[in-house]
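Here are some notes to read alongside the structure, written as numbered points. Please keep the sequence and the model open while going through them.

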Amino acid sequence: MNTTATTSIVPLLAAAFGGAEDVTPAPGQPLHVLLGQIELPEPWTPSPTRALTVWRNWPAERPQFVIDQSVQGEQGEPPRSSELVYLLGESWRSFSFGFTWSGQDSVRAIQLWMTRFVAERT
Amino acid sequence: MIGLARLPRMFRRSRPVPLEAAPPRRTLDVRIAAPLFAEVRAHVEDFSRGEEAGYLICGLSRLPDRDVLLAREWIVVPDSAIARGAYGSVLSWSSEFNSQVLAHALELGATPVLVHSHGTANPGFSADDRAKERPLFGAFSRITEPLPTGTLLLGDGDAAGSFWIDGRNDLALRRLVIVGETIETCHASSARPPTRGRRGRLDRQTIAIGPDSEPKLTDARIAVIGVSGGGSHVIQQLAHQGVGALIPIDGQTVEESNLGRLVGAVHTDIDTTLKVDVAKRVATGIDPSIEVLAVPECFPSSRALDALKGADIVVACLDRFDAREGVNTFCRRYLIPLVDIGMEIRSACEQLAIADGQLIVSRPAEACLRCWFITDAVLERERRERPPGYDRNPDAPGDPQVVSMNGVLASEACNCVLDLITGYSGGRRGPNTFWQYEGRTGQLEPCELPSRREDCPGCAEESLGDANPEPPPASGLPIGRGA
């Protein structure tokens, strides 16, 4: 991973999403950024919620994006095509979502992931 | 013995604390990887200059009934800080060193544990130890709270401990667990497990592997994640072997196709019975005294994680690499040996084309699955080919399976568990903790485990325990940023 390329990620995400914290577990590991106040569109709850992003091989690959495991839709159901993953000592929800990736900026990468919740409203 | 020289002002208390602490409410284990323990033992049992001491820096695993301190790092008290025979103690050292150690532990979201030895069996704290621990750990524990802190005294195959939390000497050492080729347990003299009656059903096994095996197996608590094609064999054999407590973890219900490989399942279970309930039925059918904590959820649900923290060994029988990666990281965090089995069968035109399996025993302080086996490329390929939710797609083709091939790997996995608990092999397995299986020829070949990877993400979380980025109130810890 290009360290220089990730240096600006945390402040950019913090400005765009109301707070971001570098929670990389150890030196030499890919950048892990916790977004504490991600806003989800209706009917998803809770909102705001937490999301965790992992910037492995950035910008060649899109970041890994997972959300708090408590996120649910109107009927209390988790997002479709999702499952729990274990990251940084707790369970998070990862989900399938395809979008074209051409090395956009870090804020745009998260915005693209977030469109998944607009695309599937129930 | 232990030294406490000139506590800094911030640690002093103007009012004396009552001499007799309240009766212990909780117990505490200390878990340490064998290579790190060897360093500790070599230092504190070297009496060529007199007594020696050092600090273990530990993460925490908080269980409902006890705390487990997870040793991460060993810091000896350096010569430059030591004053022998000063302040009425055999061994003293500077308060500055204590402060440095405490600051380092806090930086990592961890806690310090002082370790020393008197070089005797049946270790007991001296009057000097007792006099000095109260001001030191009473103060430390208010700062490390909610993590406990305290002191460990090593004996010959025995240990004593005195642990503090939030200013109270309130935690009793239950056992020191050393995780290596076998899991060695030093029970505190005050916390020896009750002797249980001999189980006649194990007589033939006891003849084979020795009389010490039965109580060790009875005390063992083994988690099995995934109790279908591979895991159901494992549950059955561990129950036969005499393991005292089993934790089957699986969120699925028995389907018709499972009857081709799920040991213990019968046709009336189809669409009605959870796989973990089949596991429980099999285990308690063999021995009703086996404690079975069935978790009808998939890893890594919160309930599964809570149950796994209490395991002595985890056996993973999973078919997804991302789940295996998660289990691997979990086991590293909690210093739990992981026995992983996996089988890949592929067919071409309904002919068996590939039947490759592997069995890996991953012990703390040695290479983990993420060091070499589960690579970024493997995970990326799985994300592409089997994205989240793929396994719940009713149109997805099921993986080919052959029960007897699963059984080969499962049986050897149970031998590994048996060896970890009892040491029956006498070290003959040596460094080989990786086997490759070729199902078409029937070859099970031992291979040498690769070295640890410097920047391995699994090893990076070793002994972090409960630490996570945003802890729930009153239980979690801030994450450590590595040493």
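**Notes on the model**

1. B:Leu171 is a residue of strand β9 of chain B, the strand that covers residues 168–179. The model is a predicted one, and in it B:Leu171 counts as buried because 24 C-beta neighbours lie inside 10 Å, where 20 or more are needed for that label. Although B:Leu171 and B:Leu28 are 143 residues apart in sequence, their C-alpha atoms are 6.3 Å apart in space.

2. That pair can be set beside some totals for the chain it belongs to. Chain B holds 12 helices and 18 strands, and of its 483 residues 49% are buried. Among the contacts in chain B with a separation of 6 or more, 69% are between residues 24 or more positions apart.

3. How do helix α6 (residues 231–241) and helix α12 (residues 403–422) of chain B lie with respect to each other? Their axes come within 9 Å and cross at roughly 40°, which makes α6(B) oblique to α12(B), and the crossing is right-handed. On the α6(B) side the contact involves B:His233, B:Val234, B:Gln237, B:Leu238 and B:Gln241, and these meet residues of α12(B) that include B:Ala410, B:Cys414 and B:Val417. Sorted by class, this contact has seven nonpolar and six polar residues, with no charged residues.

4. The helix α6(B) also packs with helix α7 (residues 275–286) of chain B, and here the axes again come within 9 Å but cross at roughly 20°. Because angles under 35 degrees count as roughly parallel, α6(B) and α7(B) are described as roughly parallel to each other. This crossing, too, is right-handed. From α6(B), the residues B:Ser232, B:Ile235, B:Gln236, B:Ala239 and B:His240 meet B:Val278, B:Ala279, B:Val282, B:Ala283 and B:Ile286 of α7(B). By class, the contact of α6(B) with α7(B) consists of seven nonpolar and three polar residues, and charged residues are absent.

5. Helix α2 of chain A, residues 9–17, is a useful case for thinking about the two sides of a helix: its buried residues are A:Ile9, A:Leu13 and A:Phe17. Why do they sit on the same side of α2(A)? They cover an arc of only 30° around the axis, and that places them together on one side. As a general rule, an α-helix has 3.6 residues a turn, so residues three or four places apart point the same way. On the other side of α2(A), A:Pro11 and A:Ala15 are exposed, and after the helix comes A:Gly18, with a positive phi near 70°.

6. A:Ala15, which belongs to helix α2 of chain A, is called exposed because it has 11 other C-beta atoms within 10 Å. A:Ala15 and A:Phe65 are 50 residues apart in sequence, and the distance between their C-alpha atoms is 18 Å.

7. Where chain B touches chain A, the contact takes 26 residues from chain B and 25 residues from chain A. On the chain B side, α8 (302–308) and α9 (321–333) each supply at least two residues, and α9(B) gives the largest share, namely five residues. The side of chain B that touches chain A has 11 nonpolar, seven polar and eight charged residues.

8. Some backbone details deserve a careful look, since most residues other than glycine have a negative phi, and most peptide bonds are trans. B:Glu145 and B:Pro146 are joined by a cis peptide bond with omega of about 20°, and B:Pro146 lies in the loop between α3 (127–144) and β7 (149–154) of chain B. Another cis peptide bond, with omega of about 5°, joins B:Phe299 and B:Pro300, and B:Pro300 is in the loop between β13 (291–292) and α8 of chain B.

9. Which phi values are positive in residues other than glycine? A:Leu88 is one of them, with phi near 50°; A:Leu88 is in the loop between β5 (82–87) and β6 (90–95) of chain A, and it counts as buried, with 21 C-beta neighbours inside 10 Å. B:Ala365 has a positive phi of about 75° and is found in the loop between β16 (351–362) and α10 (369–372) of chain B. With 19 other C-beta atoms within 10 Å, B:Ala365 is partly exposed.

Notes
Residues numbered from 1 in each chain as written. Chains lettered and ligands numbered in written order. Predicted model: local features only at pLDDT ≥ 70, side-chain atom pairs only at ≥ 80, totals over all residues. Buried ≥ 20, exposed ≤ 12 C-beta atoms within 10 Å, placed from the backbone. Helix = DSSP H or I, 4+ residues; strand = E, 2+ residues; numbered from the N terminus. Arc of directions from axis to C-beta. Axes fitted to C-alpha atoms, helices over the stretch in contact; angles between N-to-C directions. Parallel < 35°, antiparallel > 145°, perpendicular 65-115°, else oblique. Left-handed = near helix turned anticlockwise from the far one by under 90°. Contact = placed C-beta atoms within 7 Å. Nonpolar A, V, L, I, M, F, W, Y, C, P; charged D, E, K, R; others polar.
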